[in-house]
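Okay, I've got a few minutes, so let me put the model up and walk you through it. Shout if you want me to stop somewhere.

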Amino acid sequence: MSAEAAANANYGSTASGSSFYAAMRILPHAQREAMFQIYSFCRQVDDIADSDGPRPERLAALQQWRDDIDALYEGRPPERLKDYVGSVKTFGLKREDFVAIVDGMEMDVPQDIRAPDLATLDLYCDRVASAVGRLSVRVFGLPEDDGIQLAYHLGRALQLTNILRDIDEDAGLGRLYLPREWLWHAGITNNDPARVTADRALPKVCAPLAERARMHFQKSDEIMKRNSRRAVRAPRIMSKYYRAILDLLIARGFAAPRAPVRVSKAAKIGILLRYAII
């Protein structure tokens, strides 16, 4: 089964309806297969971290993924990673980036993240988003320096947008990713997710986070503009889609109650038509 078919089979409408899926479908076969392998890997470790299983079992399952990654790079890939051998060799995918993703997912497992300090939040974003970007830019074929910088900025832009979009959903899981220092600056000293998300001062925390996300989008745009359109068309589609989400969030505001925001189907099609065609 191809990596794309496996992703569809495992994740169904989540994969087929996502901006990721739409962006990756435009890639040549080898790149598309590699990206769906990366996607499948991320989804599997994320599903472990987000499951409601006992925390020790989840930690053990994530450690098994680390062991399997080590085995892959030692030339004895386990069954679930055998298809990755070609992509690792062809695109020079780095072991440390796969491990960083597992480490990032694990940050939610020993205990739910609640109001991390800014340094911890940035580390989390680097592991769960920019590490994925570092794998991805190798597949896209970007130059090394620009690829690493694009992964740094676009990964953080996407993850901060996710955090702002999912405030209430995360609170329902007992999680709070808003930075401690900015909560305190807004006069919010409690870290209980339900109480924080209901606090009238919450927009004072979200506004600078949205501005930080916007800055990272701008930096990633600068990098993509100086590179081949073909090399950056997939990350550009992701960027434009998530930037549209961020703009909708800012326009809606962050005071409770917060209605969900969605990019319209017409807007999604417009992004694809504009940036998928070279």
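Before I point at anything, one cut-off: when I say buried, I mean under 20% relative accessible area, exposed is over 50%, and partly exposed is in between. And please keep in mind that this is a predicted model.

So let me use that cut-off straight away, on Ala115. Its relative accessible area is 3%, so Ala115 is buried. You'll find Ala115 in the loop between helix H6, residues 95-106, and helix H7, residues 118-140. What made me stop there is the backbone: Ala115 has a positive phi, about 50 degrees, and it is not a glycine.

Right, let's zoom out. What is the chain built from? There are 14 helices and zero strands, so reading from the N terminus you get α-α-α-α-α-α-α-α-α-α-α-α-α-α. The radius of gyration is 19 Å, close to the 19 Å the globule rule gives for 278 residues, so the chain is as compact as a globular protein of that length. If you like boxes, the C-alpha atoms fill one of roughly 50 × 45 × 35 Å along the principal axes.

How much of the chain is buried? Of the 278 residues, 52% are. The accessible surface comes to about 13,100 Å², and carbon and sulfur atoms account for 51% of that. On contacts: take the pairs at least 6 apart in sequence, and 70% of those contacts join residues at least 24 apart.

Now to the inside. Rolling a probe the size of a water molecule over the atoms shows where empty space is left. How many cavities of 30 Å³ or more turn up here? The count is one. The largest cavity holds about 40 Å³ of space.

And which residues line it? Going along the chain, the lining of the largest cavity is Ile163, Asp166, Ile167, Asp170, Ala171, Arg175, Leu176, Tyr177 and Leu178. By type, that lining splits into six nonpolar residues, three charged ones and no polar ones. Helix H9, residues 167-172, gives the largest share of the lining, with three residues.

Let me pick one of those lining residues, Ala171, which sits in helix H9. Is Ala171 buried or exposed? It's buried, at 16% relative accessibility, because the cut-off is under 20%. Leaving out anything up to four places away in sequence, Ala171 touches Pro193 and Thr197. Pro193 is 22 residues along from Ala171, yet their C-alpha atoms are separated by 4.9 Å.

Carry on past H9 and you come to Pro179, in the loop between H9 and helix H10, which is 180-185. Pro179 has a relative accessible area of 0%, so it's buried. What does it touch? Beyond its neighbours within four places, Pro179 is in contact with Pro116, Leu118, Leu121 and Leu209. For a contrast with the Ala171 pair, take Pro179 and Gly155: 24 residues apart in sequence, and 17 Å apart C-alpha to C-alpha.

The next loop, between H10 and helix H11 at 193-198, has Asn191 in it. This one is partly exposed, with 38% relative accessibility. And here two of our earlier stops come back: the contacts of Asn191 beyond four places in sequence are Arg114, Ala115, Leu176 and Val196. So you've got Ala115, with the positive phi, and Leu176, from the cavity lining. In the other direction, Asn191 and Gly133 are 58 residues apart in sequence and 30 Å apart in space, C-alpha to C-alpha.

Two more stops. Arg127 lies in helix H7 and counts as partly exposed, at 23% relative accessibility. Its contacts, again skipping neighbours within four places, are Ala100, Ile101, Asp103, Gly104 and Met107. From Arg127 to Gly75 is 52 residues along the chain and 25 Å between C-alpha atoms.

Last one, towards the end of the chain. Where would you look for a cis peptide bond? Go from Ala256 to Pro257: that bond is cis, with omega near -5 degrees. Pro257 is in the loop between helix H13, 229-252, and helix H14, 265-275.

That's my tour, so over to you for questions.

Note on methods. Residues are numbered from 1 along each chain as its sequence is written. This is a predicted model: local features need pLDDT of at least 70, side-chain atom pairs count only at pLDDT 80 or more; totals for chains, interfaces and linings use all residues. Side-chain values use heavy atoms; hydrogens and water are left out. On a 1 Å grid over the protein atoms alone, a cavity is a set of points where a 1.4 Å probe fits but cannot get out, and a pocket is an open set with protein on both sides within 12 Å along at least five of seven lines; lining residues have an atom within 4 Å of a point. Grid points are joined across faces, edges and corners, and a volume is the space filled by probe spheres set on the points. Helices (H or I, at least four residues) and strands (E, at least two) are DSSP runs, numbered from the N terminus. Ala, Val, Leu, Ile, Met, Phe, Trp, Tyr, Cys and Pro count as nonpolar, Asp, Glu, Lys and Arg as charged, and the others, Gly among them, as polar. The radius of gyration is taken over C-alpha atoms; the globule rule is 2.2 Å times the number of residues to the power 0.38. Buried means under 20% relative accessible area, exposed over 50%, partly exposed in between (1.4 Å probe, protein chains only). Contact means heavy atoms within 4.5 Å. Accessible areas come from the Shrake-Rupley method with a 1.4 Å probe; for residues, only the protein chains shown count as cover.
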